[in-house]
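Work through the exercises below with the structure in view. Try each task before reading its solution.

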Amino acid sequence: MTRILVIGAGLGGLTLAHALVRAGLDVRVYEADDGSGERAQGYRIGLAPPAMEALRGSLPQRLYELVEATSGSLAGPGLLFDEQLTLLSGDLPGPPEEARAFDRQVLRRILLGDLGRRVEHGKRLTGVAEEADGTVTARFADGTRATGEVLVGADGGNSVVRRYLAPEVGLVDADLCGAMGRTPLTGRFLELVPGRGTMVKGPGTTLMLGRMEFGREPSAAAAELAPGLDMPYRDSYVRWVLLVPPGHPAARESGRSDAREPVLELIDGWHPDLRDLVRGADMSAVGRSKVFDRPMPPWPAGRVTLLGDAAHLTLASGGNGANTALLDAVLLAELLAEAGRGERDLASALAEYQAELLERGNAAVEAGKRAQSRFVPSAVPSSVAGAGKEERPVGGTP
């Protein structure tokens, strides 16, 4: 096998790249952003044991040790309070205790490690062409091209590769707008989230809290375990999310950079600890959620495929987006490695991957919609109204 092109340097695309390198295959990753800053894609995420095993089997040992060292615990109770912090329940469902918490940006920096020149930034994909000689060409906005034997679209919910493969599948507004922030962890705020997570139910709205307490401060851990890896200093923090009512001005202006003002307005009269938590945020934003307007269908067989949100854009309520993407990555790497060793033909490998991807991915999308009922009065319906609306860029998800 010649070269595999991966479009998108998110968690799934980078895990795939590492797994392919470990399998002895040639891979190049092309990322639209210029690499100078961080993506505004949220803060804390949780990875279940299968996703952790996917990382263990894909990454060089020193990077996986850094992954483990910087992760946080998701053990302990899930608590439900009212807006005055009166305890209503201490046994909310949540991830398994073996799951681990990660800062998305820290994890992505780790995954960029050791890939070097295999990752190119500033490469915004504009087109894909499957050539007569069996290769695939990617065209970029800067006028350059890249050619390989397989092209993988790991380019997120607004995927250019998905539009090439399945132009009939668009995105629609999920009528969910989330205000999200990150507040440095202090003893006072740690008491709000002593376990895997806390939900605060107030009149007409819900505030979700999650603790990101690093096992080791990331820059110090990187200096010891992965010298040379660029990792800024990070404080532990509490991640908070509030679903903004669709009619609220913040929901209509979801590009605003500071979420504190609308959230403080919506939690006026709540317990002072909650208001101070929001007020003390060092980073916050407001964003809207999108979902596919229909389940992802099979696409024509060829040398182009999808991975992660490009194939199954899930609502954050399911907590399964990153987990599913990492499982996609290890499966695809295994099948491509088999084809590279001549143990099977490439077409059957990609067909098997597509079948499992669609089954797992569409199920993950539906699970996210069902889980939304825990946070809002009614769940997002399985068949989202509004199919056929013009596709718009994806904002941040709650």
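**Exercise 1: A hairpin**

In the hairpin formed by S14 and S15, two residues lie between the strands, and Gly 204 takes a positive phi near 80°. The model used here is predicted.

Task: Find out in which sense S14 and S15 pair, and over how many bridges.

Solution.
- Step 1. Locate the strands: S14 covers residues 197-202 and S15 covers residues 205-212.
- Step 2. Read the pairing: the two strands are antiparallel and share five bridges.
- Step 3. Check opposite residues. Val 200 stands opposite Leu 207 in S15, and Lys 201 stands opposite Thr 206 in S15.
- Step 4. Recall a rule for the side chains. In a regular strand they alternate between the two faces of the sheet.

**Exercise 2: The other partner of S14**

Task: State how S5 runs relative to S14, and name the bridge partner of Leu 80.

Solution.
- Step 1. S5 and S14 run parallel and are joined by five bridges.
- Step 2. The bridge partner of Leu 80 is Met 199 in S14.
- Step 3. Now consider burial. Five of the six residues of S14 are buried, so this strand is largely enclosed by the rest of the structure.

**Exercise 3: The whole sheet**

Task: Give the order of the seven strands in the open sheet, and explain why one side of S6 and of S17 is left without a neighbour in the sheet.

Solution.
- Step 1. The order is S6-S5-S14-S15-S16-S13-S17, and the pairing is mixed.
- Step 2. S6 (87-89) and S17 (283-292) stand at the edges. Each has a single partner strand, so one side of each lacks a neighbour in the sheet.
- Step 3. From one strand to the next, the twist averages 25°.

**Exercise 4: Positive phi outside glycine**

Task: For Leu 85 and Asp 114, give phi and the place in the chain.

Solution.
- Step 1. Leu 85 is not a glycine, yet its phi is positive, about 65°. Leu 85 is found in the loop between strand S5 (78-82) and S6.
- Step 2. Asp 114, also a residue other than glycine, has a positive phi near 70°. Asp 114 is in the loop between helix H4 (104-112) and strand S8 (119-120).
- Step 3. The relative accessibility of Asp 114 is 38%, so Asp 114 counts as partly exposed.

**Exercise 5: Two helices**

Task: Decide how H1 and H11 are oriented to each other, and describe their contact.

Solution.
- Step 1. H1 (residues 11-22) and H11 (residues 321-340) pack at an angle of about 30°, with their axes 8 Å apart.
- Step 2. Angles under 35 degrees count as roughly parallel, and H1 and H11 are therefore roughly parallel to each other.
- Step 3. The crossing of H1 past H11 is right-handed.
- Step 4. In H1 the contact includes Leu 11, Thr 15 and Ala 19; in H11 it includes Ala 322, Leu 326 and Leu 336. The contact residues divide into 11 nonpolar, two polar and no charged.

**Exercise 6: An arginine in a strand**

Task: Is Arg 182 buried or exposed?

Solution.
- Step 1. Arg 182 is found in strand S13 (residues 171-184).
- Step 2. Its relative accessible area is 14%. Buried means under 20%, so Arg 182 is buried.
- Step 3. Among the residues that Arg 182 touches are Tyr 43, Arg 234, Trp 240 and Asp 282.

Technical notes
Residues are numbered from 1 along each chain as its sequence is written. Side-chain values use heavy atoms; hydrogens and water are left out. Two strands pair if DSSP finds at least two bridges between them. Helices (H or I, at least four residues) and strands (E, at least two) are DSSP runs, numbered from the N terminus. Axes are lines fitted to C-alpha atoms, for helices over the stretch in contact, and angles run from 0 to 180 degrees between N-to-C directions. Buried means under 20% relative accessible area, exposed over 50%, partly exposed in between (1.4 Å probe, protein chains only). Angles under 35 degrees count as roughly parallel, over 145 as roughly antiparallel, 65 to 115 as roughly perpendicular and the rest as oblique. A crossing is left-handed if the near helix is turned anticlockwise from the far one by less than a right angle, and right-handed if clockwise. Contact means heavy atoms within 4.5 Å. Ala, Val, Leu, Ile, Met, Phe, Trp, Tyr, Cys and Pro count as nonpolar, Asp, Glu, Lys and Arg as charged, and the others, Gly among them, as polar. Lists of a residue's contacts leave out its neighbours within four places in sequence.
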